[in-house]
Amino acid sequence: MKENNGEKSLRSRIRGGEIRRRDVTRRLAELAFGKANDCVRLALEDDPMLDKLDLSLLSEVKRNDKGTVEIKLIDRLRALEQLALVAEEEKTDLESFLQALQEEGS
């Protein structure tokens with residue numbers, strides 16, 4: 001998969017232990033609103049090109065001896081709940097900052 005500069009920067013921050021809040025927020029949004037097309041393609045195609053598929057929403061894959069495939073995706077509701085919490089924290093941080101600015105001006 002081809003990486004852009006933003007993805008390289010994110011990978012280097014992850015390796016360095018410097019993940020930012022916006023990284024987490026963006027990733028939660030991708031999980032909450034992402035498309036599962038490639039996960040379905042994995043189940044339906046005989047020989048999918050795995051390195052070309054975005055399987056980030058995939059949680060589990062099972063195939064039984066009869067050939068039945070079961071795919072479990074991540075819990076989008078939970079991702080949305082976490083995204084809402086992050087958004088609420090950011091709102092609270094902003095409100096605290098603005099309140100502190102007002103208090104300094106008084």
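Which residue forms a salt bridge with Glu30, the closest N and O atoms being 2.9 Å apart? I will come to that after a short overview.

What you have in front of you is a predicted model. The mean pLDDT of the chain is 83, and 85% of the residues reach 70 or more. Confidence is lowest in helix α1, residues 5–15, where the mean is 76. The highest value belongs to strand β1, residues 58–63, at 93. As a general caution, predicted coordinates should not be read in detail where pLDDT is low.

Now the overall layout. The chain has four helices and two strands. In sequence order the pattern is α-α-α-β-β-α, which puts the two strands between the third helix and the last one. There are 106 residues in the chain, and buried ones make up 17% of them. The chain exposes about 8700 Å², with carbon and sulfur atoms supplying 51% of that area. As for contacts, take those between residues at least 6 apart in sequence: 45% of them join residues at least 24 apart.

Back to the opening question. The partner of Glu30 is Arg27, and their closest N and O atoms are 2.9 Å apart. These two residues sit three apart in helix α2, so about one helical turn separates them. Glu30 has a second partner, though. Its side chain also meets that of Arg26 in a salt bridge, at 3.4 Å from N to O. Here the spacing is four residues within helix α2, so again the separation is about one helical turn. Taken together, Arg26, Arg27 and Glu30 are linked in a network of salt bridges.

How covered are these three? Arg26 is partly exposed, at 38% relative accessible area. Glu30 is partly exposed as well, at 36%, and Arg27 is partly exposed at 35%.

The structure holds six salt bridges. Another one to look at is the pair Arg41 and Glu45, with the closest N and O atoms 3.3 Å apart. Arg41 counts as partly exposed because its relative accessibility is 35%. Glu45 counts as partly exposed too, at 36%.

Next, a residue in helix α1. Is Arg13 buried or exposed? Arg13 is found in helix α1, and it is buried, with a relative accessible area of 9%. The cut-off for buried is under 20%, so a value of 9% qualifies. Leaving out residues up to four places away in sequence, Arg13 touches Glu18, Ile19, Arg20 and Asp23. Please keep the confidence figure in mind here, since Arg13 lies in helix α1 and that helix has the lowest mean in the chain, 76.

Ile19 comes up again at the surface. Together with Ile14 and Val24, Ile19 makes a nonpolar surface patch of about 260 Å². Of these three, Val24 is found in helix α2, residues 21–33. Val24 counts as partly exposed, at 37% relative accessibility. Residues need over 30% relative accessible area to be part of a patch, so Val24 clears that cut-off at 37%.

To recap the two regions I would have you look at on the screen. In helix α2, Glu30 pairs with Arg27 and with Arg26. Then there is Ile19, which is touched by the buried Arg13 and belongs to the nonpolar patch with Ile14 and Val24. That is all from me.

Key. Residues are numbered from 1 along each chain as its sequence is written. This is a predicted model: local features need pLDDT of at least 70, side-chain atom pairs count only at pLDDT 80 or more; totals for chains, interfaces and linings use all residues. Side-chain values use heavy atoms; hydrogens and water are left out. Patches are made of residues with over 30% relative accessible area and no salt bridge: like charges are joined within 9 Å, nonpolar side chains (Val, Leu, Ile, Met, Phe, Trp, Tyr) within 5 Å. Accessible areas come from the Shrake-Rupley method with a 1.4 Å probe; for residues, only the protein chains shown count as cover. A salt bridge is a side-chain nitrogen of Lys or Arg within 4 Å of a carboxyl oxygen of Asp or Glu. Buried means under 20% relative accessible area, exposed over 50%, partly exposed in between (1.4 Å probe, protein chains only). Contact means heavy atoms within 4.5 Å. pLDDT is the predictor's confidence in each residue, from 0 to 100.
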